[in-house]
Amino acid sequence: MIILSEHEIMKHYRMSEAVQDLEAGLMSMNEGKIDNPHRTVIEYPEQHASILYMPSSNQEERIAGIKTVSIFPENTQVGKPTTQGVLLLTDTRNGEHVCLMNASYLTRLRTGALSGVATKRLARKDARVLGVIGTGGMAFEQVLGVLEVREIEKLIMFNRTREKADKFKEKLQRFGVKQDIVVVDHVDEVVLASDIINCATRSHTPVFDGKLLKKGTHINGVGSYLPSMREVDEETILKSDKIVVDDMHGAKEEAGELIDAAQKGTWSFDKIYGELRELLEKSTHREADDEMTFFKSVGAAYFDMAVAQGVYRAAKEKQFGMTVTV
């Protein structure tokens with residue numbers, strides 16, 4: 001078995017590869033080659049936390065995976081990561097467990113890649129300003145996913161704690177992001193200026209006013225993952241010409257803002273334009289520059305497995321990681 005650390009994955013596997021491998025995984029699902037059972041979620045209300053168990057299998061490539069990820073938002077108070085995970089890959093020809101990898105970065109990477117795939121097909125091709133709302137653990141790879149598919153010239157960022165946004169700016173610059181980066185003191189400045197907006201928060205109330213959205217804006221919402229959470233408001237949902245979800249079952253169970261609008265009767269899941277995998281046949285699904293589009297992601301196991309397979313292939317080809325006998 002190969003064991004891979006977060007550092008090794010970050011060193012040897014990039015966003016460009018993740019986008020490519022994720023698109024291949026989405027196509028495999030379209031072709032009926034993926035088994036993706038429902039995830040199991042155990043919640044811990046006292047810590048406002050949850051643990052997710054996510055299995056999947058690729059019948060063509062004869063490999064299965066299960067990811068275990070814990071999300072403990074209060075860990076920031078004790079200096080621990082809010083999201084921690086591991087993923088195990090198994091060869092389904094003989095049952096051998098072939099790779100165990102840290103899945104914290106993997107989760108961030110595949111979520112950023114999802115937003116990249118969605119942005120590639122929904123955002124205006126001339127989009128140049130990326131707005132970032134929330135600069136926590138999931139936000140960095142969200143930025144990289146968009147930068148991979150659009151020629152962004154400027155990033156405008158807001159976080160409720162200004163200091164965290166300033167540190168996030170420095171992190172992007174150390175990574176090599178050359179675009180102009182501006183940190184602002186009010187979220188409205190982000191909404192009014194952006195062509196694309198990334199939301200990566202764990203908010204239980206909407207983080208911006210949908211009335212301020214410009215025509216033609218594309219939004220990626222990846223932070224809220226429980227029915228009680230809300231990142232975007234009802235106005236945003238009703239104004240969106242196309243709403244795309246990464247996984248329909250997951251969205252109906254976990255996308256709080258969509259569930260809330262459906263329960264109020266002001267909107268219906270029947271109005272979903274499609275799942276992300278259904279968009280792969282065309283390079284773009286934008287029909288007009290003034291269309292407003294919204295991509296909502298809650299995650300699914302086969303996304304993780306698609307990227308994990310890419311990491312595993314890279315580990316074998318480049319010979320990194322620790323090999324152990326179990």
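This passage looks at aromatic rings, at charges placed over them, and at the setting of one alanine in a predicted model.

Five aromatic pairs turn up in the structure. One of them joins Phe-140 and Phe-175 in an edge-to-face arrangement, with 5.3 Å from centre to centre and 90 degrees between the planes. Phe-140 belongs to helix H4 (residues 139-149) and Phe-175 to helix H5 (residues 162-175), so this pair ties together parts that are 35 residues apart in sequence. As for solvent, Phe-140 is buried because its relative accessibility is just 6%, below the 20% cut-off. Phe-175, at a relative accessible area of 43%, is partly exposed. The two rings don't stand alone, either: together with Phe-168 they make up one aromatic cluster.

Phe-140 also has a charge to deal with. The charged end of Lys-171 sits over the Phe-140 ring, 4.5 Å from its centre. A similar arrangement involves Lys-242, whose charged end sits over the ring of Tyr-273, with 5.1 Å to the ring centre.

Then there is Ala-261, a residue of helix H9 (residues 256-264). Ala-261 has a relative accessible area of 1%, so it counts as buried. What does Ala-261 contact, once neighbours within four places in sequence are left aside? The contacts are Ile-237, Thr-266 and Trp-267. Glu-234 comes into the picture as well: its C-alpha atom is 6.4 Å from that of Ala-261, although the two residues are 27 apart along the chain.

Definitions and conventions: Residues are numbered from 1 along each chain as its sequence is written. This is a predicted model: local features need pLDDT of at least 70, side-chain atom pairs count only at pLDDT 80 or more; totals for chains, interfaces and linings use all residues. Side-chain values use heavy atoms; hydrogens and water are left out. Helices (H or I, at least four residues) and strands (E, at least two) are DSSP runs, numbered from the N terminus. Buried means under 20% relative accessible area, exposed over 50%, partly exposed in between (1.4 Å probe, protein chains only). Contact means heavy atoms within 4.5 Å. Rings of Phe, Tyr and Trp (its six-membered ring) pair if their centres lie within 6.5 Å; planes under 30 degrees apart count as stacked, over 60 as edge-to-face and the rest as tilted. A charge sits over a ring if NZ of Lys or CZ of Arg is within 6 Å of the ring centre and within 35 degrees of the ring normal.
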